[in-house]
Amino acid sequence: MILVYWLVLVNLIAFVMYGLDKAYAKKGARRIPERSLLFWAWIGGSIGAFLGMKLFHHKTLKVKFVVVPVLAVLEIVICGFCLYQNYHLTVTEYEADLGLENDLTIVQVSDLHNQIFGIGESALLKKIEAADPDLIVVTGDAVDKTHTSYSISLSFFKGAVKIAPVYYITGNHEVFLRGPKTDAFMDDLRALGVVILDDTYVDMGGYVLAGIGDASLGSFNAYGPFSDEKPVIMLAHEPQYHSLYESLGADLVLTGHFHGGQIIIPGVGGLVSPEFEFLPDYYEGMRSFGSTTVILSRGLGNSIIPVRINNYPELVVVKVH
Ligand SMILES: [Fe+2]
């Protein structure tokens, strides 16, 4: 979203600059230097600059301004590519055998980071509905520390609770944002019927659904290891604490946090982790760690690094048997 705001801003500025310069030219007033007009086109405002040239019939015959329509075409191609890379929703399906009496379909939403997928998150909710889940789990970073619009995230939850029961744990971004606004957000979630599973668990009958809040990952002591009596499905934001999850007796853990490494290099893997580890060994998919199976979602949104490439937003559907 930051990139979108930037592009809108510089294109508007470029458009206004070309209009102003034309008006100055007509009045015989002091002009805006040509290098300034070109500068705004070069830093991402080429579409606005080109529209300004056309609409105000300005600089259209100047040879050095031939670069502006070329940059505008390039910008349209790059923007189209990036939009597709960052908003093309994909669904990944996994199967997990925990010996359940009744099959269970879980939809996992991770790392939304206030990303918008349609009005009121309609595109995302439609995909979730199509999976016909028994429960929806949200594994942290529903909000984002750099653009703290709780209303976007809340609109997702409002739609999700109409589809299936929603269980939620916090990620590192909710921890960053701790304070009155986040407390109010949590109250809104509870009012919607969302179950906050930070450091607690629920006996779901045939299995246990447990959660760990991100703030507790380094020093977890909220509950002891589970017995083998029932399978344990656990929600935790960060996959790298897999030894903790195994020690607690988790059979299946749903995690996120890594954003697929932001850019997936074909044949190599995800480029960078949120901790700025380059080419992390584990950046997506299902993997076993001892007796615990971890699913690592690539998530849906972005944070510090605002672009995904070859790493489409991912909704995870787990069919548990
Ligand atoms: Fe995240």
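Biologist: How many helices and how many strands does the secondary structure of the chain come to?

Modeller: The model is predicted, and its secondary structure comes to eight helices and 14 strands. Along the principal axes, the C-alpha atoms fill a box of roughly 85 × 45 × 35 Å. Of the 321 residues, 41% count as buried.

Biologist: What share of the contacts in the chain with a separation of 6 or more comes from residues 24 or more positions apart?

Modeller: Such residues account for 69% of those contacts.

Biologist: Start with the N-terminal helices. Why is H1 called roughly perpendicular to H2?

Modeller: Helix H1 (residues 2-27) and H2 pack at an angle of about 65 degrees, and their axes are 7 Å apart. The label covers 65 to 115 degrees, so H1 is roughly perpendicular to H2. H1 passes H2 in a right-handed crossing.

Biologist: Which residues make that contact, and how do they divide by class?

Modeller: Among them are Trp6, Leu7, Val10 and Phe15 of H1, and Leu37, Trp40, Ala41 and Ile43 of H2. By class, the contact of H1 with H2 has 17 nonpolar, six polar and one charged residues.

Biologist: And how do you know how H2 and H3 are oriented to each other?

Modeller: Helix H2 (residues 34-55) and helix H3 (residues 67-87) pack at about 115 degrees, with axes 8 Å apart. The range 65 to 115 degrees counts as roughly perpendicular, and H2 and H3 are therefore roughly perpendicular to each other. Their crossing is left-handed.

Biologist: Which residues of H2 meet which residues of H3?

Modeller: On H2 they are Ala41, Trp42, Gly44, Ser46, Ile47, Ala49, Phe50 and Met53; on H3 they are Val68, Pro69, Leu71, Ala72, Glu75 and Ile76. That contact divides into eleven nonpolar, two polar and one charged.

Biologist: What makes H5 and H7 roughly parallel?

Modeller: Helix H5 (residues 150-160) and helix H7 (residues 180-192) pack at an angle of about 15 degrees, with their axes 10 Å apart. Angles under 35 degrees count as roughly parallel, so H5 is roughly parallel to H7. The crossing of H5 and H7 is right-handed.

Biologist: What residues make up the contact of H5 with H7, and of what classes are they?

Modeller: Tyr150, Leu154, Phe157 and Lys158 in H5 meet Lys181, Phe185, Asp188, Leu189 and Leu192 in H7. The contact of H5 with H7 holds six nonpolar, no polar and three charged residues.

Biologist: Which residues of H5 are buried, and how do you know how they are placed around the axis?

Modeller: The buried residues of H5 are Ile152, Ser153, Phe156, Phe157 and Ala160. They cover an arc of only 140 degrees around the axis, which puts them on the same side of H5. Their cover includes helix H4 (122-130), strand S3 (135-139), strand S4 (166-169) and H7.

Biologist: Now single residues. Why is glycine 171 called buried?

Modeller: Glycine 171 has 31 other C-beta atoms within 10 Å, and burial needs 20 or more, so glycine 171 is buried. Glycine 171 is in the loop between S4 and helix H6 (172-176).

Biologist: What is glycine 171 in contact with, leaving aside neighbours within four places in sequence?

Modeller: Its contacts are Asp111, Gly140, Asp141, Asp214, His237 and His257. The C-alpha atoms of glycine 171 and alanine 236, 65 residues apart along the chain, are separated by 8.0 Å.

Biologist: What makes the phi of glutamate 121 worth a remark?

Modeller: Phi of glutamate 121 is near 60 degrees, a positive value in a residue other than glycine. Most residues other than glycine have a negative phi. Glutamate 121 lies in the loop between strand S2 (104-109) and H4. With 24 other C-beta atoms within 10 Å, against a cut-off of 20 or more, glutamate 121 is buried.

Biologist: Where is leucine 279, and why is leucine 279 given its exposure class?

Modeller: Leucine 279 is in the loop between strand S11 (269-270) and strand S12 (285-289). Leucine 279 has 13 C-beta neighbours inside 10 Å; exposed means 12 or fewer and buried 20 or more, so leucine 279 counts as partly exposed. Phi of leucine 279 is also positive, near 50 degrees.

Biologist: How do you know the exposure class of isoleucine 265?

Modeller: Isoleucine 265 has 13 C-beta neighbours inside 10 Å, between the limits of 12 and 20, and therefore counts as partly exposed. Isoleucine 265 is in strand S10 (residues 264-265). Its C-alpha atom and that of threonine 182, 83 residues apart along the chain, are separated by 36 Å.

Key
Residues numbered from 1 in each chain as written. Predicted model: local features only at pLDDT ≥ 70, side-chain atom pairs only at ≥ 80, totals over all residues. Axes fitted to C-alpha atoms, helices over the stretch in contact; angles between N-to-C directions. Helix = DSSP H or I, 4+ residues; strand = E, 2+ residues; numbered from the N terminus. Parallel < 35°, antiparallel > 145°, perpendicular 65-115°, else oblique. Left-handed = near helix turned anticlockwise from the far one by under 90°. Contact = placed C-beta atoms within 7 Å. Nonpolar A, V, L, I, M, F, W, Y, C, P; charged D, E, K, R; others polar. Arc of directions from axis to C-beta.
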